[in-house]
Amino acid sequence: MEKIRDNKGITLIVLIITIIVLLIISGVLISGAINGINESGENRLIAELEKVQHAVTQRYSKYELTKDASILVGTKVDLSSLTDVPESINWKVFQVTQASETSTHPERKYYRLGKSDLENLGLTGEHKSSSYIVNYYSGEVYDETERQTTSGTVLYKSAIENEASELGDDIITDGLLVYYDAINNTGTGHSNTTTVWKDLSGNGRDGKMTDVTMGNNYAQFNGTSSWVNMGEINDFTNQISIETTINIPSSQNDKLSDIICNQHNGGLCLECKNGHMYLIIYLNNIGYVGLYCENSISFDEIFHVVGMYDGQDMKIYFNGTEQEDVTLYYNSNPNPDILSSPRTIIGPQLNTVMALGVNPRGNTMEKNKYKGKMYDTKIYNKALTEDEVKHNYIINKNRFGIEE
């Protein structure tokens with residue numbers, strides 16, 4: 001009898017252990033099946049996203065051959081109207097925000113693709129239940145219906161890495177007075193030995209270089225004898241924009257350097273002093289007005305700066321962004337309404353030239369010499385819009401490798 005009771009006890013324990021093991025195994029199988037379903041669903045969403053991107057890039061190739069905008073199917077969409085967009089998405093093509101800027105590049109707009117648009121692109125299948133935001137130029141595709149997979153993978157892909165502009169790949173030319181580019185410094189290519197920096201604006205203001213060393217994509221100023229004579233520029237209006245891409249070594253932190261200047265006898269100047277940027281403009285009847293940027297510049301880095309005056313206000317932009325922490329100052333009149341009405345810039349007087357890298361007097365080098373690299377310089381007889389500044393910055397960012 002003792003043995004029978006012992007056997008029954010052992011049998012019951014074995015049964016309980018067997019049931020527990022079976023439950024564990026079934027749980028693992030169910031979990032694996034669920035994971036398999038989730039993984040299968042994720043793979044399907046990603047595969048459908050890639051199919052849409054392939055169709056979009058194929059359609060862009062066809063557009064490039066035909067320039068027929070009617071084949072760019074979809075409804076144009078304003079990116080700012082989209083909601084619940086994952087933070088990790090950085091749209092590649094900058095869209096103009098001002099009505100005054102008109103784009104002739106429909107392929108760089110963003111479009112929403114619905115079921116009929118996807119069918120027009122030759123797509124069939126489960127993806128037709130989703131709505132996609134696409135850009136034909138950049139090959140960007142975003143599934144705005146699903147947004148992301150259960151594991152957190154954002155359903156967005158792009159065919160390009162660098163940022164682009166809706167306005168195209170050419171700089172703003174409206175109002176351009178002078179344009180020096182260190183890559184195409186001869187107008188027909190690059191030379192490391194040229195002593196003339198070709199003006200690409202078409203206005204014939206070629207720069208005469210003195211002791212300026214040319215690198216592959218920059219002009220090196222030595223801080224002692226380097227400068228560029230731009231000649232006289234007397235066709236200023238009551239607006240002006242000065243734009244340049246530079247790299248100033250940290251050794252110049254406590255120095256005053258005139259980057260673009262004609263300060264003697266009337267004119268304007270963009271200068272760096274004690275790590276800050278200044279824009280100085282001589283206006284009729286009131287002497288000069290200066291704008292001081294309180295944010296420090298980035299030493300030992302390539303950066304893009306624009307200073308402008310629109311007849312009433314002065315602004316400074318760093319890397320495409322307007323600097324808000326700025327201070328106006330005046331040579332004699334402290335009246336804050338000094339810029340309340342359009343005033344004309346005083347052009348060079350007494351044969352004073354405009355110059356790069358120095359504050360000139362007459363046709364000779366004077367003082368406050370610039371030490372550093374200069375990649376390009378532009379002067380406009382208009383105030384660039386915020387979109388135009390951003391556009392030019394994007395182009396220079398890609399050409400000269402500006403890092404943010």
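This is a short talk on the strands, pockets and ring contacts of the structure shown above.

Good morning, everyone. Before anything else, please keep in mind that what we are looking at is a predicted model, and that residues are numbered from 1 along the chain as its sequence is written.

Let me start with the sheets. As a general reminder, strands of a sheet pair through backbone hydrogen bonds, and they do so either parallel or antiparallel. In this model there is an open sheet of nine strands with antiparallel pairing, and its order reads S9-S10-S13-S23-S15-S16-S17-S18-S22. At its edges are strand S9, residues 196–197, and strand S22, residues 326–330, each of which pairs on one side only. Inside that order, strand S13, residues 227–231, pairs with strand S23, residues 354–356, in the antiparallel sense and over three bridges; if you want a place to put your finger, asparagine 229 stands opposite alanine 355 in S23.

One residue of this nine-stranded sheet that I would like to pick out is histidine 276, which is found in strand S17, residues 276–283. Is histidine 276 buried or exposed? Its relative accessibility is 15%, and since buried means under 20%, histidine 276 counts as buried. Its C-alpha atom is separated by 9.5 Å from that of leucine 256, the two residues being 20 apart along the chain.

The second sheet to show you is an open one of five strands, again with antiparallel pairing, in the order S1-S3-S4-S5-S6. Strand S1, residues 75–76, and strand S6, residues 156–157, stand at the edges with a single partner strand each, so one side of each is left without a neighbour in the sheet. Further in, strand S3, residues 110–113, and strand S4, residues 132–135, run antiparallel and are joined by four bridges, with tyrosine 110 standing opposite asparagine 135 in S4.

That same tyrosine brings us to the aromatic residues. How many aromatic pairs does a search of the whole structure find? The answer is 13, and ring pairs link Trp91, Tyr110, Tyr142 and Tyr156 into a cluster. There are also charges placed over rings: the charged end of arginine 108 sits over the ring of tyrosine 137, 3.9 Å from its centre, and the charged end of lysine 373 sits over the ring of tyrosine 218, at 4.3 Å from the centre of that ring.

Staying with that part of the chain, let me turn to strand S12, residues 219–222. Strand S12 has a covered face, made of Ala219 and Phe221, and an uncovered one, made of Gln220 and Asn222. Strand S11, residues 213–214, runs antiparallel to S12 and is joined to it by two bridges, and S11 and S12 form a hairpin with four residues between them. Within this hairpin, methionine 214 has alanine 219 of S12 as its bridge partner. S12 is also joined by four bridges to strand S26, residues 371–380, again running antiparallel, and here the bridge partner of phenylalanine 221 is glycine 372 in S26.

Two loop residues deserve a word for their backbone angles. Aspartate 211 lies in the loop between strand S10, residues 207–210, and S11, and it has a positive phi of about 55 degrees although it is not a glycine; with a relative accessible area of 46%, aspartate 211 is partly exposed. Arginine 147, in the loop between strand S5, residues 140–143, and S6, likewise has a positive phi, of about 70 degrees, without being a glycine, and at 29% relative accessibility it too counts as partly exposed.

Finally, the pockets. Rolling a probe the size of a water molecule over the atoms shows where empty space is left. The largest pocket has a volume of about 330 Å³ and is lined by 14 residues, with Asp78, Leu79, Ser80, Phe94 and Gln95 lying nearest its centre. Sorted by class, its lining has six nonpolar, three polar and five charged residues. The second largest pocket holds about 250 Å³ of space, and of the 13 residues that line this second pocket, those closest to its centre are Thr102, Leu167, Ile171, Ile172 and Thr173. Its lining, by class, has three nonpolar, six polar and four charged residues.

That is where I will stop, and I am happy to take questions.

Conventions
Predicted model: local features only at pLDDT ≥ 70, side-chain atom pairs only at ≥ 80, totals over all residues. Heavy atoms only, no water. Pairing = 2+ DSSP bridges. 1 Å grid on protein atoms, 1.4 Å probe; cavity = no way out; pocket = protein on both sides within 12 Å on 5 of 7 lines; lining within 4 Å. Points joined across faces, edges and corners; volume = space filled by probe spheres on them. Nonpolar A, V, L, I, M, F, W, Y, C, P; charged D, E, K, R; others polar. Buried < 20%, exposed > 50% of the residue type's maximum accessible area, 1.4 Å probe, protein only. Phe/Tyr/Trp six-rings, centres within 6.5 Å; stacked < 30°, edge-to-face > 60°. Lys NZ or Arg CZ within 6 Å of the ring centre and 35° of its normal.
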